[in-house]
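Open your viewer and get ready to click along. We'll go stop by stop, with something to select at each one.

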Amino acid sequence: MNDKIRLRFAPSPTGALHIGGVRTALYNYLFTQKMGGTLILRIEDTDQTRYVAGAEDYILESLRWLGIEFDEGPGIGGDFGPYRQSERKALYGKYAQQLVDSGHAYYAFDTEEELTAVRTDFESRKETFRYDGVTRKGLKNSLTLDEAEVRQRLESGASYTIRLKVPRDEDIKINDIVRGEVVFSSNELDDKVMLKGDGMPTYHLANIVDDHLMEISHVVRGEEWLPSTAHHVLLYRFFGWEDSMPQFAHLPLILRPDGKGKLSKRDGDKLGIPVFPISWEAEKAEDSFKGFREFGFMPQAVLNFLAFLGWNPGTEQEIFSLEELSAAFTLDRIGKAGARFDYDKANWFNQQYLIQSDNDHLGQLLKPMANLAGYTATDAYLTAVAGLMKERVNTLPEILETGYYFFEPIREYEEKMIRKKWKPERTEQLLLLNEELEKSDTYTTETLEATTKAFLESNGLGFGDVFPFYRIALSGTTKGPGLFEMMEVIGKEEVKKRLTVAFPY
């Protein structure tokens, strides 16, 4: 392995970036920050049949929103580009040919129809077909055809793929940073395609060639890639690159909230929770998904939440800035077991970040949401509302949803409490109190509180005689921000208007 710390995040532009992919990007980022290394963004777009227009832009926007920055990549530059595999196509053919020439790969001339017929035959015998060291002997490839026929097929331009020649009866060992030693039997591996009929490499060849040429020191990726690593180790050996092979760390799965099975994009739709960083708009409505950003999450909270899905710092601390996460992060504290996607915990993290956030900043974040809801409000007003509501909500939209009364008339009053405690004489007392409050030159929290206390004392009243009904008149409920703070924000004229509407009962 080389001495330099170089990691890469290599998404495929086949659709929206799942939250599991975001966690992979985050762990790569944290490790390179901790080690003073280099982080590369590489777009793995060799599978053109699965390419989705707009997916690369979506990935880049998601990472920007989260604040995960790269040192090399598309639009960034670097000495190891290009950083899109589709722009590196000319590189891969010679490496595939090198494998053939060294006897570690072969030409396969089987058509898709012929392979389908073989699979069907296996299925009829309740067996699963695998193109491997056993079945290759009965198929059309350069290992079974004589040399003259192989040459004739190649010269005539016949379609072919190049397959890896996996050896038989061999244990392939991987020393994984997260999982320790993992052993694969080569007899369980298929002869994977390295170069497709259209001349494009498969993921496996392009991945290894690029990791080698880009001098990648550590490969940190999801558990689903662990079975492929056996083929990758073989490729490093066959190319003679074993001394520079990166260290592997395979991350645990992110599980559904109930802990049963891997979290999927459909789970988000079914459970009404975000499983993507930002919204993804597709042609079909059922393929469109709302993201953490649109649910009203702060990017810092999402990163903090994701960091704990599979890793822990070994301390009681839970709230970490990105810089603190980078300082605390180590690969050896990543667990092997799947991590449950606890959405309640995600909400808790977001609430903590809302509470810590500057009110002006929150006000600016609320602005487009307020406009969309049809609310007309100044920046100062939104800032004030954010300050009053941020400790009482989990997400940004909830400020407008639960605090709607700051922007529109009361929709309904808490009738049950009114019927239980209301006395007819309360109307006159409340209106007299409001007359006293209106006399104040400064309609501020402090003066409103002082005037109210003086009124209650002079009239022999307690807070419980007035406060609940005042609150209901102004907000429809006894819950919410402090009464005097709320009155100051709503303003003298609006308070008077709401009391007039609310009383008498």
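Contact, on this tour, means heavy atoms within 4.5 Å. Helices (H or I, at least four residues) and strands (E, at least two) are DSSP runs, numbered from the N terminus.

Before you click: this is a predicted model, where local features need pLDDT of at least 70, side-chain atom pairs count only at pLDDT 80 or more, and totals for chains, interfaces and linings use all residues. Residues are numbered from 1 along each chain as its sequence is written, and side-chain values use heavy atoms, with hydrogens and water left out.

**Stop 1: α1 and α10**

Select Ile-19, Val-22, Arg-23, Leu-26 and Tyr-27 in α1, then add Leu-303, Leu-306 and Ala-307 in α10; this is where the two helices meet. By class, the contact of α1 with α10 has seven nonpolar residues, no polar ones and one charged. For these classes, Ala, Val, Leu, Ile, Met, Phe, Trp, Tyr, Cys and Pro count as nonpolar, Asp, Glu, Lys and Arg as charged, and the others, Gly among them, as polar.

How do the two helices cross? α1 and α10 pack at an angle of about 85°, and their axes are 10 Å apart. Axes here are lines fitted to C-alpha atoms, for helices over the stretch in contact, and angles run from 0 to 180 degrees between N-to-C directions. Under 35 degrees counts as roughly parallel, over 145 as roughly antiparallel, 65 to 115 as roughly perpendicular and the rest as oblique. So α1 and α10 are roughly perpendicular to each other.

**Stop 2: α3 and α7**

Now pick helix α3 (residues 89–101) and helix α7 (residues 229–239), which pack at about 80° with their axes 10 Å apart. That makes α3 roughly perpendicular to α7. Show the side chains of Tyr-95, Gln-98 and Leu-99 on α3, and of Leu-235, Phe-238 and Phe-239 on α7, as these make the contact. The contact of α3 with α7 divides into five nonpolar residues, one polar and no charged.

Move on to His-104, in the loop between α3 and β3 (105–108). Not counting residues up to four places away in sequence, His-104 touches Leu-99, Arg-163, Leu-164, Lys-165 and Phe-238. Buried means under 20% relative accessible area, exposed over 50%, and partly exposed in between (1.4 Å probe, protein chains only). With a relative accessible area of 25%, His-104 is partly exposed.

**Stop 3: the nonpolar cores**

A nonpolar core is a set of buried Ala, Val, Leu, Ile, Met, Phe, Trp, Tyr and Cys residues joined through side-chain atoms within 4.5 Å. Which members of the largest core touch the most others? Among its 103 residues, they are Phe-341, Phe-406, Tyr-470 and Met-487. Helix α1 (residues 19–35) gives the most to this core, with eight residues.

Zoom in on Met-487: leaving aside neighbours within four places in sequence, Met-487 is in contact with Leu-437, Tyr-443, Leu-448, Tyr-470, Leu-474 and Val-495. A second, separate core has 40 residues, including Phe-109, Ile-162, Phe-184 and Leu-235.

**Stop 4: the rings**

Rings of Phe, Tyr and Trp (its six-membered ring) pair if their centres lie within 6.5 Å; planes under 30 degrees apart count as stacked, over 60 as edge-to-face and the rest as tilted. By this rule there are 30 aromatic pairs. Try Phe-308 and Trp-311: their ring centres are 5.7 Å apart and their planes at 75°, so the pair is edge-to-face. Is Trp-311 buried or exposed? Trp-311 is buried, at 2% relative accessible area, while Phe-308, at 22%, counts as partly exposed.

Next, add Phe-329: the rings of Trp-311 and Phe-329 have centres 5.6 Å apart and planes at 40°, so this pair is tilted.

**Stop 5: a few single residues**

Select Asp-210 in helix α6 (residues 203–213). Asp-210 is buried, with a relative accessible area of 0%. Apart from residues up to four places away in sequence, Asp-210 touches Arg-42, Gln-85, Arg-88 and Tyr-92.

Most residues other than glycine have a negative phi, and most peptide bonds are trans. Gly-81 and Pro-82 are joined by a cis peptide bond, with omega about 0°. Lys-126 has a positive phi, near 55°, and is exposed, with a relative accessible area of 78%. Last, click Glu-215, in the loop between α6 and β8 (218–222), where phi is near 60°.
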